[in-house]
Amino acid sequence: MSTGGAQVSVETREKLYEGKAKIVYATNRPGMIIQYFKDDATAFNALKRGTIVGKGVVNNRMSAAMFERLARAGVPTHYLGTLSDREMLCRRLEIIKIETIVRNIVAGSLAKRTGLEEGTPITAPVVELYYKSDPLGDPMLNDDHVRMMKLATPADLAWMRRTALRINAVLRPHMKKRGLLLVDFKLEFGRSGKTLYLGDEISPDTCRLWDVTTREKLDKDRFRRDLGGVEEAYQEVYRRLVGPRA
């Protein structure tokens, strides 16, 4: 199988975990797992369910392209290579149960919580923390909650914030050159040994992406808000950031 140009022998073993968008498999190689990207779509903490045809291919290929760009910028990621249209070889991480959100433009829950109009620019990016817990609805956290719950050390948290802003500084101009506004996005980090890495994915599932000129939504909000044209939006993001249609 091809992993970023190299040829390695990887065998899929037992399923470790199945989430809303991906299945994670063990492999015959120590410290490595395979992420399989599904077409399943959920919103509102899985209260809304559906299918976005081709989503798994778009998310896998786009994530690979963004991870490769971030690696060139010195950001450590779990990405090791692309195995197929839907499979990615990754480092096995102990995921920190904090979702880190970077916001560049007011949208979604931030608009609801602040009363600011959706689309309002944010002068300096805002970083928010959420507890990664489906049963609790992923509630917002502050640094004191993180310390109280022992979710991460102060040093880990400082690194996560710093790295999230660094990722934003790499991806935001890259996407804007391709006609996309990076409105906000979710990151997950994890640990392998003593080293922290960016994990999960970077895709229209985890990023709010608007057309620079028209402000048309080209992300999962089309599914959340029943706007239609969901598959077309994902394919358009793929075309701009990766290449021809997935």
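In the next few minutes I will talk about one strand, the nonpolar cores and some salt bridges of this structure, which is a predicted model.

Let me begin with strand 15, which covers residues 207–211. Five of its five residues are buried, so this strand is largely enclosed by the rest of the structure. If you look at its two faces, you will find that both are covered, with Cys-207, Leu-209 and Asp-211 buried on one side, and Arg-208 and Trp-210 buried on the other. Strand 15 also has a partner, namely strand 13, residues 180–192, and the two pair in the antiparallel sense over five bridges. To find the pairing on your screen, you can start from Phe-185, whose bridge partner in strand 15 is Cys-207.

From there I would like to move to the nonpolar cores. The largest of them has 44 residues, and the members that touch the most other members are Ile-98, Ile-167, Leu-171, Met-175 and Ile-202. Helix 4, residues 154–176, gives the most to this core, with eight residues. There is also a second, separate core of eight residues, which includes Ala-43, Ile-52, Val-58 and Val-230. What does Ile-98 touch, if we do not count residues up to four places away in sequence? Among its contacts are Leu-129, Tyr-130, Leu-141, Val-146, Leu-157, Met-160 and Leu-187, and the list also includes Lys-132.

My last topic is charge, and here the structure holds 30 salt bridges. One of them joins Arg-161 to Asp-143, with the closest N and O atoms 2.5 Å apart. This pair links distant parts of the chain, since Arg-161 lies in helix 4 and Asp-143 in helix 3, residues 143–149, and the two are 18 residues apart. Arg-161 counts as partly exposed because its relative accessibility is 27%, and Asp-143, at 34%, counts as partly exposed as well.

Compare that with Glu-236 and Arg-240, whose salt bridge has its closest N and O atoms 2.7 Å apart. These two residues are four apart in helix 6, residues 230–241, so about one helical turn separates them. Glu-236 is partly exposed at 21%, whereas Arg-240, at 18%, is buried, because the limit for buried is under 20%.

Finally, the side chains of Asp-221 and Arg-225 meet in a salt bridge at 3.6 Å, N to O. Is Asp-221 buried or exposed? At 1% relative accessibility it counts as buried, while Arg-225 is partly exposed at 35%. Both residues belong to a network of salt bridges that also includes Arg-208, the residue we met on one face of strand 15.

Note on methods:
Residues numbered from 1 in each chain as written. Predicted model: local features only at pLDDT ≥ 70, side-chain atom pairs only at ≥ 80, totals over all residues. Heavy atoms only, no water. Buried < 20%, exposed > 50% of the residue type's maximum accessible area, 1.4 Å probe, protein only. Pairing = 2+ DSSP bridges. Core = buried A, V, L, I, M, F, W, Y, C linked by side-chain atoms within 4.5 Å. Contact = heavy atoms within 4.5 Å. Salt bridge = Lys/Arg side-chain N within 4 Å of Asp/Glu carboxyl O.
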